[in-house]
Amino acid sequence: MPEITKVSVLGAGVLGTQIAYHTAYSGLQVVVYDISDDALTASRARMVETTELYKRDGVAGASEGKTDEAFDHLTFTTDLAAAVAEADLVIEAAPESLAIKRQLYKELAEVAPAHTIFATNSSTLLPSDLKDSTGRPDRFLAIHYANQIWIRNLAEIMGTSETDPTVVLDAIAFATATGMVPIEIKKEQPGYIINSLGVPFFMAAGKLWASGVADHETIDTVHRMTTLAPLGPFQTLDVIGLNTTFNIASASEDPGVREFAAALKEQYIDKGKLGTTTGEGFYKY
Ligand code: NAD
């Protein structure tokens, strides 16, 4: 298989926008697809805002005009067939709904070239949940990015038992070429490594806080001092977003975690304090 040079990103929301921009920033040709012109306009506007973050965070080349050059590699369309006509790789970042993703893969399978690799960025669905709708389970896998990919630059790569091993190698090469550290997940794991580690950790912190064992600053201090991590769990939750945290916590069967969800809703979410995006969460920004 020739090198991946043409990439299409399906779904231009929070993550799709970041994946598309970062891939274009790395010099590859990227087509961004979404179901409405409004979504594409908003995506492009977020990319323009992101250029300042690349500069602020010292991403290599950002202060030398590379942030503007990235736009030369980007096109936007609501036509799925046109979006993927030349794609070596399609990265799907559509809403986290099995029904929406399955339908999208069925439509995609009809219009994508035979050689195109399909990758899902889903955080909570396994590629096995989707592979049958792709029409090419051997050329399908997950490439899972983290929010703020320009600084959290890892890509978890996870195939199914049916994924062709050369496709995994192609995905690893693509991730490396786009400035990501490729993390190969050797067998399917819900939550990959990132959430398998992170969710129990954040929920443990939330339980300590909600049950009144310690305030959030104290818990963050203990974590920072004992692990030498730069951020404590509540500082990180403000970046992840307290809505996302609530969605995870409220789905738990652990009564302590559900107590955390209820406290989060009452003290933060209902007051519009959702973390760094709203200027206040556990901390003020
Ligand atoms: P989002 O809601 O911000 O964006 C989804 C986008 O998909 C929207 O722009 C929407 O218009 C578009 N869309 C709706 N129907 C579509 C269709 N049929 N075809 C193509 N696009 C369609 O969601 P998000 O947070 O960017 O999440 C997208 C995916 O990325 C999910 O699978 C999620 O699990 C994963 N993910 C999200 C994060 C995160 O921090 N937000 C991190 C890693 C992975």
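This report describes the ligand surroundings, one helix pair and two loop residues in a predicted model.

**Ligand surroundings**

The shell around the ligand is made up of 21 residues, of which Leu15, Asp34, Glu96, Lys101 and Ser123 come nearest. Sorted by class, this shell holds 11 nonpolar residues, seven polar residues and three charged residues. Three elements, α1 (14–25), α5 (98–111) and β6 (140–145), each contribute at least two residues to the shell. Among the contributors, α5 gives the most, with three residues.

Backbone atoms of the protein also approach oxygen atoms of the ligand. The table lists three such pairs, each formed by a backbone N or O atom of the named residue and an oxygen atom of the ligand.

| Residue | Backbone atom | Ligand atom | Distance |
|---|---|---|---|
| Valine 14 | N or O | oxygen | 2.9 Å |
| Leucine 15 | N or O | oxygen | 2.8 Å |
| Alanine 94 | N or O | oxygen | 3.4 Å |

On its own, the ligand has 840 Å² of accessible area, and the protein covers 75% of that area. Leucine 15 thus appears twice in this description: it is one of the residues that come nearest to the ligand, and one of its backbone N or O atoms lies 2.8 Å from a ligand oxygen atom.

**Packing of α5 with α6**

Two packed helices are described by the angle between their axes and the distance between the axes. For α5 and helix α6 (residues 127–134), the angle is about 35 degrees and the axes are 8 Å apart. The crossing of these two helices is right-handed.

On the α5 side, the contact involves Leu98, Lys101, Arg102, Tyr105, Lys106 and Ala109. These residues meet Asp129, Leu130, Ser133 and Thr134 of α6. By class, the contact comprises four nonpolar, two polar and four charged residues. Lys101 belongs to this contact and is also among the residues that come nearest to the ligand.

**Two loop residues with positive phi**

Glutamine 148 is not a glycine, yet its phi is positive, at about 65 degrees. This residue is placed in the loop between β6 and β7 (154–159). The strand before that loop, β6, supplies at least two residues of the shell around the ligand.

Leucine 228, likewise not a glycine, has a positive phi of about 65 degrees. Its position is in the loop that joins α9 (216–227) and α10 (233–240).

Notes
Residues are numbered from 1 along each chain as its sequence is written. This is a predicted model: local features need pLDDT of at least 70, side-chain atom pairs count only at pLDDT 80 or more; totals for chains, interfaces and linings use all residues. Side-chain values use heavy atoms; hydrogens and water are left out. A residue is near a molecule or strand if one of its heavy atoms lies within 4 Å of it. A polar contact is a pair of N or O atoms within 3.5 Å; within protein, one must be able to donate a hydrogen and the other to accept it, and residues adjacent in sequence count only if both atoms are side-chain atoms. Accessible areas come from the Shrake-Rupley method with a 1.4 Å probe; for residues, only the protein chains shown count as cover. Helices (H or I, at least four residues) and strands (E, at least two) are DSSP runs, numbered from the N terminus. Ala, Val, Leu, Ile, Met, Phe, Trp, Tyr, Cys and Pro count as nonpolar, Asp, Glu, Lys and Arg as charged, and the others, Gly among them, as polar. Axes are lines fitted to C-alpha atoms, for helices over the stretch in contact, and angles run from 0 to 180 degrees between N-to-C directions. A crossing is left-handed if the near helix is turned anticlockwise from the far one by less than a right angle, and right-handed if clockwise. Contact means heavy atoms within 4.5 Å.
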